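The exercises below are meant to be worked with the sequence and the coordinates open side by side. Each task is followed by a solution that proceeds step by step.

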Amino acid sequence: MTPCGAGNYQPYFGATSSANCLVCPAGTSCPNDANVVYTLVTCTAGYICDQNVETPCDAGMYCPQNTLVMLKCPAGTYQADTAQTTCDSCPEQFYCPSGDTVGTITPVDCPDGHYCPEGTGNFDIYRCPIGTYHLTTGGTLAASTDCTAC
């Protein structure tokens with residue numbers, strides 16, 4: 001058996017030529033070991049794969065198994081760690097916007113005059129009701145009933 005070069009794999013048992021090697025497809029990994037015939041390996045969850053290189057998913061992003069590209073955490077979620085397969089729900093009293101290229105890494109304190117229930121992506125839709133207020137950023141505002149009457 002003839003081993004394949006880096007970034008390639010051997011799909012055929014008993015092959016005697018590197019001409020039978022195929023390029024490792026995106027979303028998979030081809031481990032580099034000159035002593036064996038390469039085999040196709042599924043990309044690890046939390047990583048993206050490009051031929052023979054596994055790259056951990058960035059904070060603010062998530063990578064389910066066999067992901068070809070990093071996926072941005074949607075509004076209302078965040079991810080503080082690297083190499084993750086999901087995003088966490090934004091905790092109450094905070095909001096988690098989704099940026100242009102990267103999702104939220106660290107939840108942001110709910111601003112004055114608003115309350116932020118769990119999963120808030122846009123605080124503007126959670127203003128304290130008419131006749132109530134809140135003047136401190138952060139704090140204990142998770143529901144409209146937490147706003148103080150005037």
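**Exercise 1.** Which hand, left or right, does the link of Cys128 and Cys147 have about the S-S bond?

Solution. Bear in mind throughout that this is a predicted model. Begin with the bond itself, a disulfide that joins Cys128 to Cys147 with an S to S distance of 2.1 Å. The angle about the S-S bond is -75°, and the link is left-handed. Next, place the two ends: Cys128 lies in the loop between strand E12 (108-109) and strand E13 (132-133), while Cys147 lies in the loop between E13 and strand E14 (148-149), so that the pair, 19 residues apart, links distant parts of the chain. Finally, consider accessibility: Cys128 counts as buried because its relative accessibility is 13%, under the 20% cut-off, and Cys147 is buried as well, with a relative accessible area of 9%.

**Exercise 2.** Explain why Cys150 forms no disulfide with the closest cysteine sulfur.

Solution. The closest cysteine sulfur to that of Cys150 belongs to Cys128, and because the separation is 9.3 Å, it is too far for a bond. Cys128, as shown above, is joined to Cys147. Cys150 is exposed, with a relative accessible area of 75%.

**Exercise 3.** Describe the surroundings of Gly76, starting from its place in the chain.

Solution. Gly76 sits in the loop between strand E8 (71-72) and strand E9 (77-78), and at 3% relative accessibility it counts as buried. Leaving aside neighbours within four places in sequence, its contacts include Cys90, Cys96 and Gly119. For Gly119, which is 43 residues away along the chain, the C-alpha atoms are separated by 4.4 Å. The two cysteines are themselves joined by a disulfide (S to S 2.1 Å), whose link is right-handed, with 75° about the S-S bond. Cys90 is buried at 0% relative accessibility, and Cys96 is buried with a relative accessible area of 0%.

**Exercise 4.** Decide where the coordinates call for caution, using the pLDDT.

Solution. The protein chain averages a pLDDT of 83, and 81% of the residues score at least 70. Among its elements, strand E10 (residues 88-89) has the highest mean, 98, and strand E3 (residues 28-29) the lowest, 68. Over residues 34-38 the pLDDT is below 50, although this stretch has 15 contacts in the model beyond near neighbours in sequence. Where pLDDT is low, the predicted coordinates should not be read in detail.

Technical notes:
Residues numbered from 1 in each chain as written. Predicted model: local features only at pLDDT ≥ 70, side-chain atom pairs only at ≥ 80, totals over all residues. Heavy atoms only, no water. Helix = DSSP H or I, 4+ residues; strand = E, 2+ residues; numbered from the N terminus. Buried < 20%, exposed > 50% of the residue type's maximum accessible area, 1.4 Å probe, protein only. Contact = heavy atoms within 4.5 Å. pLDDT = per-residue confidence, 0-100. Disulfide = S-S within 2.5 Å.
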